[in-house]
Amino acid sequence: MFKLQTTSALALASILSLASLAASAQTAAPVERGASTPHIAQKQDRQQQRIDKASASGGLNAAETNRLDKQQTHISNLQDKAAADGTVTAKERSRVRAAERRTNHHIARQAHDGQTAAPATTPQQ
């Protein structure tokens with residue numbers, strides 16, 4: 001009878017410890033799934049570097065640079081709007097990625113279209 005009580009006590013102790021472990025796991029702060037969009041920020045940085053590089057090398061004129069900067073701002077606004085409620089849905093993420101792809105395409109086309117920035121003129125005295 002003593003062995004039966006010891007075994008029952010051990011079983012009860014194990015069940016209680018598992019239950020407390022499960023309860024502590026449930027009370028932890030939930031991770032906001034889908035709210036984080038680090039790939040968007042990274043791609044925005046890379047695209048901005050490409051715009052800056054093409055502008056500095058003369059591959060983009062002022063109007064092209066301004067247009068591409070506005071597209072970058074649009075993507076940032078889309079990202080902010082999507083993450084405002086704490087969750088970025090698949091539809092929102094798809095819309096942001098589509099805007100990224102369009103801008104990526106525009107950067108490549110504008111940087112290699114043969115138009116160059118106006119040469120810097122020296123003031124005549």
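## Buried and exposed residues of helix α2

In this predicted model, helix α2 has the buried residues Ile 40, Gln 44, Gln 47, Ile 51 and Ala 54. These residues lie on the same side of α2, because the arc they cover around the axis is only 100°. The face turned away from this buried side carries Gln 49, Lys 53, Ala 56 and Ser 57, which are exposed. The packing partners of the buried residues of α2 are α3 and α4 (90-111).

## Length and end of α2

Helix α2 comprises 20 residues (residues 38-57), for which a rise of 1.5 Å a residue predicts a span of 28 Å; the end C-alpha atoms are 29 Å apart, in agreement with that value. Gly 58 follows α2 and has a positive phi, near 95°.

## Packing of α2 against α3

The axes of α2 and α3 come within 11 Å and cross at roughly 170°. Angles over 145 degrees count as roughly antiparallel, and the two helices are therefore roughly antiparallel to each other. By class, their contact has five nonpolar, eight polar and one charged residues.

On the α2 side, the contact is made by Ile 40, Ala 41, Gln 44, Gln 47, Gln 48, Ile 51 and Ser 55. These meet Thr 65, Leu 68, Asp 69, Gln 72, Ile 75, Ser 76 and Gln 79 in α3.

## Thr 65 in α3

Thr 65 belongs to helix α3 (residues 62-83). Its relative accessibility is 12%, so Thr 65 counts as buried, the limit being under 20%. Apart from neighbours within four places in sequence, Thr 65 is in contact with Ile 51, Ser 55 and Leu 60.

How values were computed
Residues numbered from 1 in each chain as written. Predicted model: local features only at pLDDT ≥ 70, side-chain atom pairs only at ≥ 80, totals over all residues. Heavy atoms only, no water. Helix = DSSP H or I, 4+ residues; strand = E, 2+ residues; numbered from the N terminus. Buried < 20%, exposed > 50% of the residue type's maximum accessible area, 1.4 Å probe, protein only. Contact = heavy atoms within 4.5 Å. Expected span 1.5 Å × (residues − 1). Arc of directions from axis to C-beta. Axes fitted to C-alpha atoms, helices over the stretch in contact; angles between N-to-C directions. Parallel < 35°, antiparallel > 145°, perpendicular 65-115°, else oblique. Nonpolar A, V, L, I, M, F, W, Y, C, P; charged D, E, K, R; others polar.
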